[in-house]
Amino acid sequence: MSAPPQLPGVVTRAHALSRRRGFVSSCRNETGWLLATLAATRTGTLAESGTGCGVGSAWLRSGMRDEARLVTAEHDAGLVEAVREMFAGDDAVSVFEADWKELAQEAPFSLLFLDVREAKRAGPDLAATLVEPGGLVVLDDFTPCATWPPMYQGRVDVTRQQWLTDPRFTTVEVMVAVDASVLIATRR
């Protein structure tokens with residue numbers, strides 16, 4: 001393990017919320033450390049699609065610069081309220097009860113974390129309109145693949161292939177664990 005064993009306080013609170021809610025689809029810590037590191041390089045507005053219990057948001061917030069702000073969208077009203085409570089008093093974080101596409105109202109973003117399946121599968125078209133030049137798009141929950149074209153469960157992974165070949169982005173796949181990889185795309 002190359003990351004410190006202790007987690008940032010806000011991440012610990014988000015994990016506790018996830019456990020209380022029985023929410024199992026949270027951002028992995030390996031991905032979280034990467035998100036915090038990338039957030040530390042950004043100014044302006046960072047965004048996350050699919051707040052869930054706020055674990056990804058917490059990781060982003062733990063690395064954010066003072067002059068940055070974070071917006072995140074979740075369609076489940078109960079989760080939105082719980083995550084708003086978790087970030088109460090933090091003016092740098094806004095939690096919207098909305099579909100991920102509604103984040104467009106807050107664009108452009110210096111970093112966009114696509115943490116909901118529909119947003120990942122939508123491909124790079126919408127993301128290209130939401131991210132500023134030089135901005136980052138992060139997509140998690142991939143299984144590492146050493147072949148081209150990329151494969152998943154015996155089929156071409158079209159989502160991964162689209163991101164890795166889209167001329168509007170320079171994209172790399174980064175393994176964060178032996179069983180998990182993340183795509184990081186920089187808008188040209």
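Here is a short tour of this structure, one selection at a time. Keep in mind that the model is predicted.

**Stop 1: strand 1**

Select residues 45–49, which make up strand 1. Is this strand buried or exposed? 5 of its 5 residues are buried, so the rest of the structure largely encloses it. Color the two faces separately if you like: Thr45, Ala47 and Ser49 sit on one side, Leu46 and Glu48 on the other, and both sides are covered.

**Stop 2: the neighbors of strand 1**

Add residues 69–74, and you have strand 2, which pairs with strand 1 in the parallel sense over 5 bridges. For one contact to zoom in on, take threonine 45, whose bridge partner in strand 2 is arginine 69. Now trace the chain from strand 1 to strand 2: the path goes through helix 3 (residues 55–63), and this β-α-β crossover is right-handed.

Next, show residues 109–114. This is strand 4, parallel to strand 1 and joined to it by 4 bridges. Look for leucine 46 here, with leucine 111 of strand 4 opposite.

**Stop 3: salt bridges**

Side chains of opposite charge can pair when their charged atoms come close. How many salt bridges does the structure hold? There are 11, and a few make good stops.

Stay with helix 3 and pick arginine 61. Its side chain meets that of aspartate 90 in a salt bridge, 2.7 Å from N to O. Aspartate 90 lies in the loop between helix 4 (77–86) and strand 3 (93–97), so to speak across the chain from helix 3: the pair links distant parts, 29 residues apart. Arginine 61 counts as partly exposed, at 22% relative accessibility.

Then jump to arginine 168 and aspartate 125, whose side chains form a salt bridge at 2.6 Å, N to O. Arginine 168 is in the loop between helix 7 (158–165) and strand 8 (169–177), while aspartate 125 belongs to helix 6 (residues 124–130), so the bridge ties together parts 43 residues apart in sequence. With 31% relative accessibility, arginine 168 is partly exposed.

Finish this stop with Arg28, Glu30 and Asp179, which salt bridges with shared partners join into one network. Between glutamate 30 and arginine 28, the closest N and O atoms are 3.2 Å apart. Glutamate 30 is partly exposed at 33% relative accessibility, and arginine 28 is partly exposed at 28%.

**Stop 4: a nonpolar patch**

Switch on the surface and select Met151, Val156 and Val158. Together they form a nonpolar patch with about 220 Å² of accessible area. Valine 156 belongs to strand 7 (residues 155–156) and counts as partly exposed, at 37% relative accessibility.

Technical notes. Residues are numbered from 1 along each chain as its sequence is written. This is a predicted model: local features need pLDDT of at least 70, side-chain atom pairs count only at pLDDT 80 or more; totals for chains, interfaces and linings use all residues. Side-chain values use heavy atoms; hydrogens and water are left out. Patches are made of residues with over 30% relative accessible area and no salt bridge: like charges are joined within 9 Å, nonpolar side chains (Val, Leu, Ile, Met, Phe, Trp, Tyr) within 5 Å. Accessible areas come from the Shrake-Rupley method with a 1.4 Å probe; for residues, only the protein chains shown count as cover. A salt bridge is a side-chain nitrogen of Lys or Arg within 4 Å of a carboxyl oxygen of Asp or Glu. Buried means under 20% relative accessible area, exposed over 50%, partly exposed in between (1.4 Å probe, protein chains only). Two strands pair if DSSP finds at least two bridges between them. A crossover is right-handed if, with the strands pointing away from the viewer, the path from the first strand over the helix to the second runs clockwise.
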